[in-house]
Amino acid sequence: MSSTTAPAPPRGTAHRPGGTLSLSQARRVALRAQGLDRPRAPRTGPATMRHLQQVVDRVGLLQIDSVNVLARAHLMPTFSRVGPYDAALLDRASGRAPRRLVETWAHEASYVSPETYALLGWRRRRYLDYAWGSIREVPLRYSPLVADVLAMIEADGPLTASEVHAHVEADHPRTRTDWGWNWTAAKRVLEFLFFTGEVASARRNAQFERCYDLTSRVLPPEVLAAPEPDEAAAVRELLAIAARAHGVASARCLLDYFRIKGPRARRALDELVEDGTLAPVRVSGWERPVYLHADADLPRRATGRALLSPFDPLVFERRRLEELFGLRYRIEIYVPEAQRVHGYYVLPFLRGERLAALVDLKADRAAGVLRVHAAHEPPAPAPGPGTADGARDDAGEVAADLADELRLLAGWLGLDDVVVGGKDGAPRGSLAGVLAAALAAA
C-alpha cells in the first residue's frame, strides 16, 4: 500500500505553475506583494514600530539616498504604505540597541533587518568583485591608515568621517582632484571598512552623516552569535526575500533586488523552483521567463493610492516598471534642466493598478508649502495585452485623488499648503491646471 503524502495545497491565491497571468493580473500580484493594492488601513492612533516593521518585513529593504528635496528616500516607502508616521521611528529602529534595521550595501545603500545583513556576509568578503574602484584600492593605497582608523573607532566610536578626518588630516590632507565625490582618505577607508563589514553605521546624525562604530557593537547579540549561512544558502534566502517582495518577477528582477550576480545565483533560482518556493509562469506580452512566489496572492481589484519615491521598491527596477505599467520613467536629477521631460524630483502617483500621474515635488520648508513644480499625465499605454484600449483615467478624478494625497503628504512633512506652479509660478504639465483647480475646490 502506498504511503505517499498528498501534496500541500497552494499557499497563495495566485498559484498557477505553468499557467499564464494577464498583465493586469501580474500588476495586481505585484501590488499585493508590495502592500499597495488596497487603501491604507484606518488607524485610531499614531503609527507604531509595528507598522514600520510590517513594511520592512514585506519589502525586504529600504533604499537610502541623500537627496532631501522632498523627504529622504528611505522614509517614503513607509509613508506610501502606512500614511503619516513619526520618522523618528526609523531613527530609533536603526540607531538604538537592539536594532531592527542596519545599513549595508544591498540593492544600493539600504536599511535591512539584522538577519538580512548576516545573509550578505559572503558579498562583504568578496569586495573585489562587488565594490567600486575607490573602495577596492584602499588596502593597497591606505593600508597603515586602515589599522589606525579601526583603532580610533574601537577607542572612541561612533565617529563620523569628518571627525576621523580631523584626526588624520595632517598626514592625509583633503585633495580635490580624485574621483569619488572628492572623498577624504578617512572617508575612503571608512567606506572600505563599512563595505567589508568591519564597521557599521551606529546611527545617522542631524547632517545625515554616518556615525561609524565596530560592527560587533551595532548588530544585536543574537545575530552576532548565530552561525553565518554558507554562500549558497544565503543567496537562496536573499532571492526568496526578493521573490516575496515581487510576487511575480523575471530572473533579472529577482537578482537585481540585492544586486546578486554569477552562476551561483542561477543555481539558487533553480533550487527555489525545485523546492516549490517559485513556480515558472507566463505573463501575457512578456517574452522572458517569469517566476511566481508560492505565497503570492491575486486580489480581485487594486484600489490603493500612493505617491511613490523614485527609490521605492515597486519602481526602482525601471524595465520591470515599464513592462508592468507601460511607463518609461527615469530620475532626472542629473539631467540639465532644459532637457528634463517631467522634472527634477518626480514621483509616480499610483491609483488602483495604474500609474496615473507624474508629479515634480519640492518641500519648500522656508515658505511652509509643498510645491508641485509640474504635474503630468503619463503617456497613454499602447494597446496590447492587459491594456486593450490604451485608455487613461479621467483627468478630473485623478486630480481629485492626487490632491488628497498631496495634502496628506504636506501634512506629514509639516507643511501648511500645496501650491501648483514652477519657479516662475506657471503650472507645467498636462495635469497641472486641473490639479490646481482640484486643490482650490477642496
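Two strands pair if DSSP finds at least two bridges between them. The exercises below apply this to a predicted model.

**Exercise 1. A hairpin**

Determine how strand 3 and strand 4 are joined, and which residue in strand 4 is the bridge partner of Glu103.

*Solution.* Step 1: strand 3 covers residues 102-105 and strand 4 covers residues 109-112. Step 2: four bridges join these strands, which run antiparallel. Step 3: the bridge partner of Glu103 is Tyr111 in strand 4. Step 4: the connection from strand 3 to strand 4 is a hairpin, made through three residues.

**Exercise 2. The surroundings of Leu61**

State where Leu61 lies, whether Leu61 counts as buried or exposed, and what Leu61 is in contact with.

*Solution.* Step 1: Leu61 is found in the loop between helix 2 (49-59) and strand 2 (62-63). Step 2: buried means under 20% relative accessible area. The relative accessibility of Leu61 is 0%, and Leu61 therefore counts as buried. Step 3: once neighbours within four places in sequence are left aside, the contacts of Leu61 include Val56, Ala106, His107, Ser110, Tyr111 and Val112. Tyr257, Phe258, Pro313 and Phe316 are also in contact with Leu61. Step 4: Tyr111 thus appears both as a contact of Leu61 and as the bridge partner of Glu103. Step 5: a distance can be added, since the C-alpha atoms of Leu61 and His74 are 9.0 Å apart in space, with their positions 13 residues apart in sequence.

**Exercise 3. The open sheet**

Give the strand order of the open sheet of five strands, and describe the pairing along it.

*Solution.* Step 1: the order is 10-11-12-13-14, and the pairing is mixed. Step 2: strand 10 (305-307) and strand 14 are the edge strands, each pairing on one side only. Step 3: from one strand to the next, the twist averages 30°. Step 4: strand 11 (residues 346-351) pairs with strand 12 in the antiparallel sense over six bridges, and Arg351 has Arg354 in strand 12 as its bridge partner. Step 5: strand 12 (residues 354-364) and strand 13 also run antiparallel, joined by seven bridges. Val359 stands opposite Ala375 in strand 13. Four residues lie between strand 12 and strand 13 in their hairpin, and Gly368 in the turn has a positive phi of about 75°. Step 6: strand 13 and strand 14 (residues 417-420) run parallel and are joined by four bridges, with Val369 opposite Asp417 in strand 14.

**Exercise 4. Strand 13 and a helix across it**

Explain why strand 13 is described as largely enclosed, and state which strands helix 19 lies across.

*Solution.* Step 1: strand 13 (residues 369-376) has eight residues, of which seven are buried, so the rest of the structure largely encloses this strand. Step 2: helix 19 (residues 432-441) lies across strand 13 and strand 14, and runs at about 150° to strand 14.

**Exercise 5. Two helices**

Describe how helix 1 and helix 17 are placed relative to each other, and classify the residues of their contact.

*Solution.* Step 1: the axes of helix 1 (residues 23-33) and helix 17 (residues 318-325) come within 9 Å and cross at roughly 130°. Step 2: the two helices are therefore oblique to each other. Step 3: from helix 1, Leu23, Ala26, Arg27, Ala30 and Leu31 take part in the contact, meeting Arg320, Glu323, Leu324 and Phe325 in helix 17. Step 4: by class, this contact has six nonpolar, three charged and no polar residues.

Definitions and conventions:
Residues numbered from 1 in each chain as written. Predicted model: local features only at pLDDT ≥ 70, side-chain atom pairs only at ≥ 80, totals over all residues. Heavy atoms only, no water. Axes fitted to C-alpha atoms, helices over the stretch in contact; angles between N-to-C directions. Parallel < 35°, antiparallel > 145°, perpendicular 65-115°, else oblique. Contact = heavy atoms within 4.5 Å. Nonpolar A, V, L, I, M, F, W, Y, C, P; charged D, E, K, R; others polar. Buried < 20%, exposed > 50% of the residue type's maximum accessible area, 1.4 Å probe, protein only.
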